[in-house]
Protein chains: 2
Amino acid sequence: MEKNGISQAAPKPTGHLLIAHGALAGEMLNVLEFISGERPNFRALTIDHALDVDKARKIVEKAVDEMMGPAGVLIYTDLFGGAPSNIALSMLGEKNIEIIAGVNLPILLRSTTLSEDLSLPEKAGTLRNYGRDNIFIASEVLMGKGKR
Amino acid sequence: MEKNGISQAAPKPTGHLLIAHGALAGEMLNVLEFISGERPNFRALTIDHALDVDKARKIVEKAVDEMMGPAGVLIYTDLFGGAPSNIALSMLGEKNIEIIAGVNLPILLRSTTLSEDLSLPEKAGTLRNYGRDNIFIASEVLMGKGKR
């Protein structure tokens, strides 16, 4: 925040919460920060395979509440239908969140440059499209037909 | 292999090699194996941030050669344009590989059920499409408009 000269009274920015199986979320955040620098409004949660679902839900809920501001929280999960994703899903409707399932690194990099002027659903839509457009086969890109 | 009653003389299956920044590839493979069981024809390489590019290329090349059989090797990278991806790109044309950039967990899960009857480019295309189709916004899926 200080970099942009914004005072401490600025409204809380969008929260970005990664939840995934095992240590995957933490490792994705490590790579994101290696490439793009420290991200104070991002957090990663380890959903341990042995963790009881109710306990896991409490951990996720606490993190969402801590990050929640007027702009809401974007949640990134590894796999639609997986336990981490299902835990996030159980909060849809209760909290001001959007969940992007099937996260890849391009999505996370794009999330660091989102305009705060977009609504939360608009942010989620931008990231989904960017993530889809940035999965490609290298040989096709080199032949100029990688984008669809 | 033993599960399907295939003899040891069966041709080497497609190799699947994950390369990504830091420890990300290893963590993705951990989650894949947690969900889908042990994957003997998958490997993950840690491309350490401090590693010299020439040394990293040798590590990747050695792994590709060890996994190479008639069906070739599929390489998954975290980000097109990142160092791990560029190392793989430098081998296109030299070796029977296809590179899928922007990998997510759905791609890896789908890769475990690919028909060996497909060509290597067909396998890569199937995975790219599946990965794209499995990034979505949970709230839209629940409202029945998540697929495009």
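Tutor: Let's call a residue buried if 20 or more other C-beta atoms, placed from the backbone, lie within 10 Å of its own. This is a predicted model, with local features needing pLDDT of at least 70 and side-chain atom pairs 80 or more, while totals for chains, interfaces and linings use all residues. Residues count from 1 along each chain as its sequence is written, while chains are lettered from A and ligands numbered from 1 in written order.

Student: What share of chain A counts as buried?

Tutor: Chain A has 148 residues to sort. The buried share comes to 41%.

Student: In what order do the elements of chain A run?

Tutor: Helices (DSSP H or I runs, at least four residues) and strands (E runs, at least two) are numbered from the N terminus. Chain A has six helices and five strands. From the N terminus, they go β-α-β-α-β-α-β-α-α-β-α.

Student: What is the radius of gyration of chain A?

Tutor: The globule rule (2.2 Å times the number of residues to the power 0.38) gives 15 Å for 148 residues. Chain A comes close to that, so it is as compact as a globular protein of that length. Taken over C-alpha atoms, its radius of gyration is 16 Å.

Student: Which strands stand at the edges of the five-stranded open sheet?

Tutor: Strands pair if DSSP finds at least two bridges between them. The sheet's order is S5(A)-S4(B)-S3(B)-S1(B)-S2(B), with mixed pairing. Each edge strand has a single partner, so one side of it lacks a neighbour in the sheet; the two are S5 of chain A and S2 of chain B.

Student: Which residue stands opposite B:Tyr76?

Tutor: Strands S3 and S4 of chain B pair in the parallel sense over five bridges. Opposite B:Tyr76, in S4(B), stands B:Ile100.

Methods:
Buried ≥ 20, exposed ≤ 12 C-beta atoms within 10 Å, placed from the backbone.
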